[in-house]
Amino acid sequence: MPVKPKISFENLEVAFASKSDVELKKMYLIFATVNNNLAVSVGTKLANWSFALGLPIKSIMKATMFGHFCGGESIQDCESSVQKLAEYGIKTILDYSVEGKGDEASFEATKNEILRTIERSAGDVHMPFAVFKVTGLGDYAIMTKIQAKKALTPEEQLAFDRMQKRVDELCKAAFEADTKILIDAEESWFQDVIDEMAYKAMKKYNQEKCVVYNTYQMYRHDMLERLKKAHEIAHAQGYWLGAKLVRGAYMEKERDRALSKGYQSPIQPTKEASDRDYNAALTFCVENLSSIGLVSGSHNEQSNHLLAELIADKGYDPQDHRIYFAQLYGMSDNISYNLANAGYNVVKYVPYGPVEKVMPYLSRRAEENTSVAGQSSREFDLVRREMNRRRNKKS
């Protein structure tokens, strides 16, 4: 009978070892706020309104929500967070989280910033990945037309060519820097176009090892089969499949669009179905690790336990470079720190960018992502318990 890894996500001393009492109290207040739907709704509206009016609230944001969930306004600002995570065996993914204006200048600016994150990660064992969204590099409306089998105008075709060139430029830069790069998943009505670009890049750059990773949103009912099909093609064509697994981030938007346009929703009927397929995808990837690079992006404790058990069952080294656990900065420290403490490869997504430009990202993260809304109650409880543990220890 296989030996189960001895990992407890209830070990709060390990989970919050990096936090001083003052930092823990700040976390308590932040998660108490995030746990209140009305406070989140009113607070994000007030913050966006204040930035629009040019009110001086940047320092307040940096001391609260932004400061907790983001590494800083620039790559340089993130250095202290990178080093502090590294002290506890946790690696970093710098996630440029600014939404551009949707014009060619902003697409170029985003590409150049991602190139800087690749340059920063090159040769740094504490920063094994870069990441980007394709919608930061080109117009999603063009991808929507392509997926809908609609003809592009000559101008749109040129714009799409530029988008593809930017994607290839980033993947090539990661390959040449000997680092890895993650392509985030987006909405289903243009995800096929993103997939095609990702697989094209994998075929070019994943011949010898895993450089380019596509993202699979397992809250889609077709995603497990899509993952298996992608692996079948990659295996047949002789390249590594890079697979980042997530549950998903656009559930309400996906269901609303399907309802309004009269097609079947791509979203799983229940959370249990999403969990089932996520765990099945983990098992599939670990069973095919000879040709798959896996990043498990999950805040679900059961799924993280399962992956640790799969690694043990197969006899893989917890530090095997083909498997990474990933969570968001400022969240699920009980998972990240305990896994890292047990010797596993753990990475944190560390968002960054000018405060006012990252606000849309933070607003959506707080208001729309139901998994984060559910997570906030858990986070709040863990912080409260750790504060009590420390008080009892002193008394």
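A residue counts as buried when its relative accessible area is under 20%, and as exposed when that value is over 50%; partly exposed lies in between. The model discussed here is predicted. With that cut-off, F190 is buried, because its relative accessibility is 1%. Its ring partner, Y140, reaches 47%, so Y140 is partly exposed.

Start with this pair. A pair of aromatic rings is described by the distance of the centres and the angle of the planes. The ring centres of Y28 and F380, another such pair, are 5.0 Å apart, and their planes meet at 35 degrees, so these two rings are tilted. Y28 belongs to helix α2 (residues 21–34) and F380 to helix α17 (residues 370–394), so the contact ties together parts that are 352 residues apart in sequence. Y28 is partly exposed because its relative accessible area is 28%. F380, at 19%, is buried. Now return to Y140 and F190. Their centres lie 5.9 Å apart and their planes stand at 40 degrees, so this pair is tilted. Here too the pair links distant parts of the chain: Y140 sits in helix α8 (residues 140–147) and F190 in helix α10 (residues 188–205), 50 residues apart.

In total, the structure holds ten aromatic pairs. One aromatic cluster is formed by F129, Y213 and Y324. F129 also has a charged neighbour. The charged end of K180 sits over its ring, 5.7 Å from the centre. Elsewhere, R322 lies over the face of Y316, with 5.2 Å to the ring centre.

Next, look along helix α13 (residues 271–287). How far apart should its ends be? The helix has 17 residues, and the expected span is 1.5 Å times one less than that number. This gives 24 Å, and the end C-alpha atoms are 24 Å apart, so the model agrees with the expectation. Which residues of α13 are buried? They are A273, S274, D275, D277, Y278, N279, A281, L282, F284, C285 and V286. Charged and polar side chains are therefore on this list, D275 and D277 among them. The buried residues pack against two helices, α11 (223–237) and α14 (301–314), and two strands, β5 (241–246) and β6 (292–297).

Two loop residues deserve a look at their backbone. K149 has a positive phi of about 65 degrees, although K149 is not a glycine. Its place is the loop between α8 and α9 (154–176). Buried or exposed? K149 is exposed, because its relative accessible area is 75%. D178 is the other case. Its phi is positive, near 60 degrees, and D178 is a residue other than glycine. D178 lies in the loop between α9 and β3 (180–183). At 53% relative accessibility, D178 is exposed, because the value is over 50%.

Finish at the second largest pocket. The space in this pocket is about 540 Å³. How many residues line it? There are 24, and E23, G67, H68, S81 and Y329 lie nearest the pocket centre. Several elements give two or more residues to the lining: α2, α4 (58–63), α5 (65–69), α6 (79–87) and α15 (333–341). Helix α2 has already appeared, as the helix that holds Y28.

Key
Residues are numbered from 1 along each chain as its sequence is written. This is a predicted model: local features need pLDDT of at least 70, side-chain atom pairs count only at pLDDT 80 or more; totals for chains, interfaces and linings use all residues. Side-chain values use heavy atoms; hydrogens and water are left out. Rings of Phe, Tyr and Trp (its six-membered ring) pair if their centres lie within 6.5 Å; planes under 30 degrees apart count as stacked, over 60 as edge-to-face and the rest as tilted. Helices (H or I, at least four residues) and strands (E, at least two) are DSSP runs, numbered from the N terminus. Buried means under 20% relative accessible area, exposed over 50%, partly exposed in between (1.4 Å probe, protein chains only). A charge sits over a ring if NZ of Lys or CZ of Arg is within 6 Å of the ring centre and within 35 degrees of the ring normal. Contact means heavy atoms within 4.5 Å. On a 1 Å grid over the protein atoms alone, a cavity is a set of points where a 1.4 Å probe fits but cannot get out, and a pocket is an open set with protein on both sides within 12 Å along at least five of seven lines; lining residues have an atom within 4 Å of a point. Grid points are joined across faces, edges and corners, and a volume is the space filled by probe spheres set on the points.
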